[in-house]
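Here is a short tour of one structure, with its strands and its nonpolar cores in view. Please keep the 3D display open as you read.

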Amino acid sequence: MYPLTILELSIRLILSFILLLSLTRFMGRKEISQMTFFNFVSAIALGTLGASLAIDSTISVRNGVLALGGWTIFTVVMGFIDLKSKGFRKAVEGIPRVVIRKGEIMDAELRKVRLDLDALNVLLRKKNVFSLTEVDYAIFETDGTLSVMKKEKHQPLTKGDKQTYPLSPSSQIAIPTPLIEDGKLVMKNLRELNLDEHWVKAQLTSLGIPEVSDVFYGEIQKDGTLAVDPYNDVIN
């Protein structure tokens with residue numbers, strides 16, 4: 001290991017900065033907007049490689065650039081697999097956990113995500129919720145944030161609250177729930193809501209969509225209706 005000259009150190013620092021900025025932009029905004037387990041590991045590794053390129057004289061500039069480029073390609077490939085495979089996504093990123101359901105704290109779920117009551121209250125306060133009694137549902141997301149739905153009496157009134165909806169067998173929906181993802185039925189959610197494939201297909205037929213596989217995302221609303229987002233080539 002030899003000491004770096006000021007000129008060489010400056011060149012390495014500038015090169016490292018430009019490469020890290022360029023490669024991070026190439027990898028996409030998800031790398032900084034959603035800090036999942038994989039994104040966290042990826043960011044640490046990328047930062048370490050960039051720092052090594054900048055100040056470690058035992059690593060040649062060529063090898064440093066190759067290491068950064070190789071890690072970036074690996075991250076992009078993993079991201080592509082993540083988009084295509086729901087099973088892989090669950091294995092790498094985990095799944096959201098319902099920590100409060102119908103106003104009741106789910107102790108077992110809190111233990112699974114290693115979240116104590118003090119930390120839960122901190123996350124709730126960041127959502128302007130200062131009492132657990134205000135919460136109907138709370139979901140701990142894979143990026144460490146908490147999504148909260150307040151009980152109706154604690155929700156601000158909007159113009160939409162004045163609308164009335166026809167009653168249906170599926171009208172008692174606590175929160176909007178995914179029923180179709182990537183052209184496939186989410187059977188777990190269907191079973192929990194006492195719905196079946198025939199009900200979904202009937203809803204799709206009424207919307208002019210022939211098959212479940214034509215839908216990128218479908219979600220049942222609180223009023224029992226199905227909101228769908230078809231694949232682009234299905235839209236007339």
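## Strand pairing

Strand 5 and strand 6 (residues 184–185) run antiparallel and pair over 2 bridges. Strands (E, at least two residues) and helices (H or I, at least four) are DSSP runs numbered from the N terminus, and two strands pair if DSSP finds at least two bridges between them. Within this pairing, E181 has K184 of strand 6 as its bridge partner. The hairpin of these strands has 2 residues between them, and D182 takes a positive phi near 55 degrees there.

Strand 5 also pairs with strand 7 in the antiparallel sense, over 4 bridges. Here I180 is matched with G218 of strand 7.

## About the model

This is a predicted model, in which local features need pLDDT of at least 70, side-chain atom pairs count only at pLDDT 80 or more, and totals for chains, interfaces and linings use all residues. Residues are numbered from 1 along each chain as its sequence is written, and side-chain values use heavy atoms, leaving out hydrogens and water.

## The nonpolar cores

The largest nonpolar core (buried Ala, Val, Leu, Ile, Met, Phe, Trp, Tyr and Cys residues joined through side-chain atoms within 4.5 Å; buried means under 20% relative accessible area with a 1.4 Å probe, protein chains only) has 14 residues. L179, I180, W199, V200 and L204 have the most contacts inside it. Strand 5 (177–181), helix 9 (197–206) and strand 7 (215–220) each supply at least two residues, and helix 9 gives the most, with 3. Another core, of 12 residues, lies apart from this one and includes I100 and L120.

Definitions and conventions. Buried < 20%, exposed > 50% of the residue type's maximum accessible area, 1.4 Å probe, protein only.
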